[in-house]
Structures are given as C-alpha cells and as structure tokens.
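Reader: I would like to learn how to read the features of a model like this one. Please take them one at a time, with the general idea before the case.

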Amino acid sequence: MTAPIPRDIPDLPAVPGVPALLPSPVPATAVVTPVRHPLTALYRLLVALAAAGAVTIELLLGSPVRILSYFTIQSNLLLALVLALSARRAWSARRPLPSGLTGAALLYITITGLVYHLLLVRGSSPFAMNGETAPPTGWHWVTDQVLHTAIPVAAALDWLLLTAPGRLHLRQAATWLLYPLAYLTLSFIRGELILPGTPGRYLYPFLDVDLHGYKSVLGNALLLGLAFYALAVLLVAVDHARPNPVRRRAKTGFRLQPPVG
C-alpha cells in the first residue's frame with residue numbers, strides 16, 4: 001500500500017543556474033616567454049645619443065634659451081627620451097611604451113624633417129631661410145643635418161622595421177596636435193615679450209608677425225595645422241596597413257600532451 005500524495009507540496013528551492021565565469025585577464029608575460037631585443041635596444045640607444053649629442057653641441061655654440069625655443073630642438077629631445085626608454089624596455093623584455101607617446105614623438109620629428117626640407121631650405125618656398133641668414137658651416141652644418149635629416153629618417157626606420165604595426169589609433173591624432181598648438185601660442189607670447197626689431201624675435205618665417213601680420217600668420221598656422229593632422233592620419237593608416245616586421249611564433253607555457261589510454 002502506497003502512502004497518499006499530499007495535497008500541498010512544499011515549494012522546492014530553485015536550481016541555481018550555471019554561474020557566469022568572472023573575467024580573469026591573464027598578462028601576456030604569464031603565457032608567452034618574454035623576449036629580449038638587444039639589437040633593437042642598441043639601435044634606439046644610438047639614435048637617442050645622436051639626437052642628444054647634436055642638441056648639446058647646439059647649446060654650447062649658441063644661446064641656450066633661444067636654442068631650446070626651437071621646435072626642432074624640442075622634438076629631438078622628446079624623441080631622444082622616448083627612444084632611450086624604449087631601448088631599456090627592449091633590452092629588459094618589458095612591454096613597449098604607450099602608443100600615444102611613441103606616436104606623438106614620431107609625428108613631431110617627422111614634422112621637423114618635412115618643414116625643414118619643404119619650407120625652410122627649399123629655394124622655391126616663400127618661407128625659405130637661405131636668403132635671410134648665412135648658411136650654416138662647421139659644427140652648425142653637422143648638427144643641422146643630424147637634427148633635420150638623420151634623426152627623422154632613423155626614427156622612421158625604427159617605426160617601420162623594429163615596431164609592431166597596428167598600435168597607433170585615429171583617436172590619438174587630434175590629441176597629438178595639442179603640442180603644436182601650444183608651441184604656436186608660446187611663440188606669440190615670446191614675440192610680444194621681445195622688443196620689435198630684435199633679430200630672432202620669431203624663430204620661423206611663417207610665424208613672423210613683423211613680416212606678415214597676425215592675420216597671415218594665423219592663416220599659415222591653420223594650413224599647417226590641417227597638414228599636420230593629415231600627416232597624423234596618414235601615419236595611423238600606414239601603421240595599420242604595413243606588414244609586421246617583428247612577427248615570430250611565440251612559445252607559450254602550455255604544452256599539449258598525447259591522450260591517455
């Protein structure tokens with residue numbers, strides 16, 4: 001004889017669902033064996049020393065305050081610092097510097113080289129400096145070539161041949177233009193603090209308010225700003241389109257074993 005079925009069946013506890021897996025990001029160094037790049041570190045260190053050495057010579061040959069006011073000097077110093085830090089990380093197998101910093105240094109040193117060769121020393125340019133000052137000689141000529149040609153080319157080679165692609169982002173392009181904008185503002189402030197007619201009141205012909213007036217200089221700055229933004233976008237596009245020069249098969253810490261049985 002079976003027991004009667006109770007009329008009121010107590011509620012059963014709810015079956016707990018499958019708990020969601022919590023995100024647990026694993027750093028790449030825990031899976032992939034860190035790889036040192038001594039040759040890359042050596043190259044970057046040599047380029048940084050060359051830039052810093054050329055700037056040091058310029059400081060010894062001229063007025064330090066005026067020399068440090070040039071965009072060329074500032075961009076080379078920034079690049080030297082970034083490459084020195086990158087060299088240390090490549091030597092010790094650490095993660096690379098943030099792409100926002102390295103991309104900014106690359107953009108500024110590229111601007112230095114392009115403005116120098118396309119606007120300042122090109123005979124057909126309306127802002128050529130050849131007719132205003134005597135061409136540099138001696139150590140000035142050497143540092144001119146290093147800071148405006150050799151270092152920008154070396155930085156471009158480091159980016160194209162020794163850096164993984166796809167690290168630059170379009171959202172960074174506008175942020176990179178904040179420094180050129182700040183430099184333009186400080187150039188105007190510096191010019192107002194120096195007496196009119198003083199040689200070197202404005203360091204670049206396209207920013208010379210005495211010659212062109214504020215309206216023309218602001219127009220020049222706007223055109224240059226648009227060109228710099230287009231250059232930044234181009235660097236990002238090339239960075240995502242170029243092949244990976246440092247690709248290699250990574251060795252992970254996991255090893256598949258043959259099935260048992």
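Author: Start with Pro196, which is found in the loop between H8 and H9. Helices here are DSSP runs of H or I with at least four residues, strands are runs of E with at least two, and both are numbered from the N terminus. This is a predicted model, in which local features need pLDDT of at least 70 and side-chain atom pairs count only at pLDDT 80 or more, while totals for chains, interfaces and linings use all residues. Residues are numbered from 1 along each chain as its sequence is written, and side-chain values use heavy atoms, with hydrogens and water left out.

Reader: Is Pro196 buried or exposed?

Author: The terms rest on relative accessible area: buried is under 20%, exposed is over 50%, and partly exposed is in between, with a 1.4 Å probe and protein chains only. Pro196 has a relative accessible area of 63%, so it is exposed. Its C-alpha is 7.8 Å from that of Asp210, and the two are 14 residues apart in sequence.

Reader: What is the overall makeup of the protein in helices and strands?

Author: It has 9 helices and 0 strands, and the pattern along the sequence is α-α-α-α-α-α-α-α-α. Of the 261 residues, 33% are buried. The exposed area is about 17200 Å², of which carbon and sulfur atoms supply 69%; accessible areas come from the Shrake-Rupley method with a 1.4 Å probe, and for residues only the protein chains shown count as cover. A contact means heavy atoms within 4.5 Å. Among contacts with a separation of 6 or more, 76% are between residues 24 or more positions apart.

Reader: How do I read the packing of two helices, and at what angle do H4 and H5 pack?

Author: Two packed helices are described by the angle between their axes and the distance between the axes. Axes are lines fitted to C-alpha atoms, for helices over the stretch in contact, and angles run from 0 to 180 degrees between N-to-C directions. H4 and H5 pack at about 145 degrees, and their axes are 9 Å apart. Their crossing is left-handed, a term used if the near helix is turned anticlockwise from the far one by less than a right angle, clockwise being right-handed. Phe71, Ser75 and Leu78 are among the H4 residues that meet H5, where the partners include Leu101, Ala105 and Ile109. By class, this contact has 9 nonpolar, 5 polar and no charged residues. Ala, Val, Leu, Ile, Met, Phe, Trp, Tyr, Cys and Pro count as nonpolar, Asp, Glu, Lys and Arg as charged, and the others, Gly among them, as polar.

Reader: What angle and axis distance describe the packing of H4 with H6?

Author: Helix H4 (residues 71–91) and helix H6 (residues 139–162) pack at about 35 degrees, with axes 11 Å apart. This crossing is left-handed. Asp158 is one of the H6 residues in the contact, and Leu83 is one of those in H4. The contact has 6 nonpolar, 3 polar and 1 charged residues.

Reader: Is Asp158 buried or exposed?

Author: Asp158 has a relative accessible area of 8%, so it is buried. Leaving out residues up to four places away in sequence, Asp158 touches Tyr43, Arg44, Leu83 and Thr163. Glu58, in helix H2 (residues 38–61), is buried at 11% relative accessible area. With the same neighbours in sequence left out, Glu58 touches Ile67, His140, Thr143 and Leu147. Glu58 and Thr143 are 85 residues apart in sequence, yet 7.1 Å apart from C-alpha to C-alpha.

Reader: How many residues does the largest nonpolar core have?

Author: In soluble globular proteins, nonpolar side chains tend to be buried together. A nonpolar core is a set of buried Ala, Val, Leu, Ile, Met, Phe, Trp, Tyr and Cys residues joined through side-chain atoms within 4.5 Å. The largest has 38 residues, and those with the most contacts inside it include Leu107, Trp176 and Phe206. H2, H4, H5, H6, H7, H8 and H9 each supply at least two of its residues. A second, separate core of 13 residues includes Val47, Ala51, Val82 and Ala155.

Reader: Where is Ala93, and what is its phi?

Author: Most residues other than glycine have a negative phi. Ala93, in the loop between H4 and H5, has a positive phi of about 60 degrees although it is not a glycine. Ala93 counts as buried, at 19% relative accessibility.
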